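Here's a quick tour for anyone opening this entry for the first time. Have a look at the sequence and the model, then read on.

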Amino acid sequence: MQPDLYRLLLKSIAEANILPVTSACNGRCLFCSHLQNPPGLRVYSLPQLGKEEILALAEFLDPGQRIVIGESVTRINEGEPFLHPEFLGILTGLRRLFPTTSIQITTNGMALTPAAISFLASLGRVRLVVSLNSATPLGRRKLMGDNDPAAVLRAVASLGDRGIPFDGSIVAMPHLVGWEDLRQTIAFLARWGAETIRIFLPGYTRYTRREWLPPAGMEEKLRAFVAEEGERSRVPLILELPFLEDLTPRILGVIVDSPADRAGLRRGDIVTAINGKEPFSRVDAFRQVQKAGRAVIDLNRDGAALQVSLEKEEGASPGFVMAADLEPALFHSFTRRMRQVVENRALVATSTLAAPILASALDRVQEELPSLEIAAVPNVTFGGNICCSGLLLLEDFLAALPDRVEGCRPERVFIPGIAFADGGRDLRGRSYLELQTILKTTVELIP
Ligand code: SF4
């Protein structure tokens, strides 16, 4: 195996407890991100790894955290795990290594046979994320190239009976399959027991085929649609990306019959304190309640204050859903670093997605920090609606920053480390240090 690939496999395990098993996929999704990349990206497809090789890597997984399969946080293309010819054997090996650890598998459902479902039920502590996208035969054929849609729908409908918890996910393309298709897909997932349903705005780039592009205004329409359906739905509907403006810990939804449901929490509640302590952000609020066994939660519900008591096992999920915003430990280590190295003026460059959240967090500590500015960096390389930090390239920083530093050069420019996660190099292999030469000031990566 190439050393670069081996390093990425270990990184995926160490940083996110994600075990990559295959990059092969039996889907032909119109929205697949692998089809919309700019040329020259350094991304990797896994060669066929044997069961023993994968289980040797699994030894590095953290037994204290959920093991995730079928997702990617690195430059390794994720595929459909059930296509690996030894996948059930890999799961048996994982269970032997980690008898009590929960395993989460993301699947498109196309290889989820009755035998595989029985096996998962017998294995225990397995949770699925089913990328269903459409629950109608026409929709699945069109969006995913699925030639046997009935099989997937039967498989999903049987998960609840077999005691396998699952979440649904939908890349919403109503401009291609109609709004009714989307409504039916949400209803199907809710009917067969999905605990949550994530609805993704389709990501597109300058390389996406014109006939698949959403029309103008689709994003706003989808937002309104999800908000309206969310009012009716007993299952939390979560719109991705959430485009957050602040760190207010507002509950997006509550899982039926969960500790949060039993405690009386509701969609729209704002958590103001947990056991008397004000949370820093959504992530902080969720983690605090997750960690606690018993949590006394102060809430703001439509302007009125109230208090509830939530009981569960320590470390178990509380059963409410919040968008992911800012990890307090990461933010505090960043501000500590700023105080150490900046005396007067710094520039913090980040994605257009993260900029409002970061600005909201920095506002809270403004008085203790040197003067700083935030630069929101648009993704011109991918283009389209791509707006997260992990897909920014050096070229994007080069397009946005020289004008910002001209005339009033900051002592230091901070940029997101996730964009240069390959040893300081971006997705095309260019080093962030080139930026330092051009901006004529110190450039530092934010972890
Ligand atoms: S299931 Fe996922 S990896 Fe496979 S084609 Fe669809 S989007 Fe791409």
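## Where two domains meet

Three salt bridges are counted between domain 1 and domain 3. One salt bridge to look up pairs Asp422 with Arg42, whose closest N and O atoms sit 3.3 Å apart. Keep in mind as you browse that this is a predicted model.

Polar contacts join in too: eleven residue pairs, both partners at pLDDT 80 or more, make them between domain 1 and domain 3. And what sort of residues does domain 1 bring to the side that touches domain 3? By class, they are six nonpolar, four polar and five charged.

## Stepping back to the whole chain

So how is the protein chain divided up? Domain 1 covers 3–240, domain 2 covers 253–321 and domain 3 covers 328–446. In the contact between domain 1 and domain 3, 15 residues come from domain 1 and 16 residues from domain 3. Measuring by C-alpha atoms, the centres of domain 1 and domain 3 are separated by 31 Å.

People often describe how big an interface is by the accessible area lost when the parts come together. Here, domain 1 and domain 3 bury about 1,400 Å² between them, and carbon and sulfur atoms give 46% of that.

## Around the ligand

Which residues would you find around the ligand? They're Cys25, Gly27, Cys29, Phe31, Cys32, His34, Glu78 and Asn108. Sorted by class, this shell has four nonpolar, three polar and one charged residues.

## A strand-to-strand salt bridge

Searching the whole structure turns up 29 salt bridges. Among them is the one where the side chains of Glu240 and Arg198 meet, at 2.3 Å from N to O. Glu240 belongs to strand β6 (residues 237–240) and Arg198 to strand β5 (residues 197–200), so this pair ties together parts that are 42 residues apart in sequence.

## Two backbone spots to check

Stay with Glu240 for a moment: is the peptide bond from Glu240 to Leu241 cis or trans? That bond is cis, with omega near -5 degrees. Leu241 itself has its place in the loop between β6 and β7 (253–254).

A bit further on, Asp257 turns up in the loop between β7 and α10 (259–263). Phi of Asp257 is near 60 degrees, which is a positive value in a residue other than glycine.

Technical notes: Residues numbered from 1 in each chain as written. Predicted model: local features only at pLDDT ≥ 70, side-chain atom pairs only at ≥ 80, totals over all residues. Heavy atoms only, no water. Domains from an automatic or database assignment. Contact = heavy atoms within 4.5 Å. Buried area = accessible area lost by both parts, 1.4 Å probe. Salt bridge = Lys/Arg side-chain N within 4 Å of Asp/Glu carboxyl O. Polar contact = N/O pair within 3.5 Å; in protein donor to acceptor, adjacent residues only side chain to side chain. Nonpolar A, V, L, I, M, F, W, Y, C, P; charged D, E, K, R; others polar. Near = heavy atom within 4 Å. Helix = DSSP H or I, 4+ residues; strand = E, 2+ residues; numbered from the N terminus.
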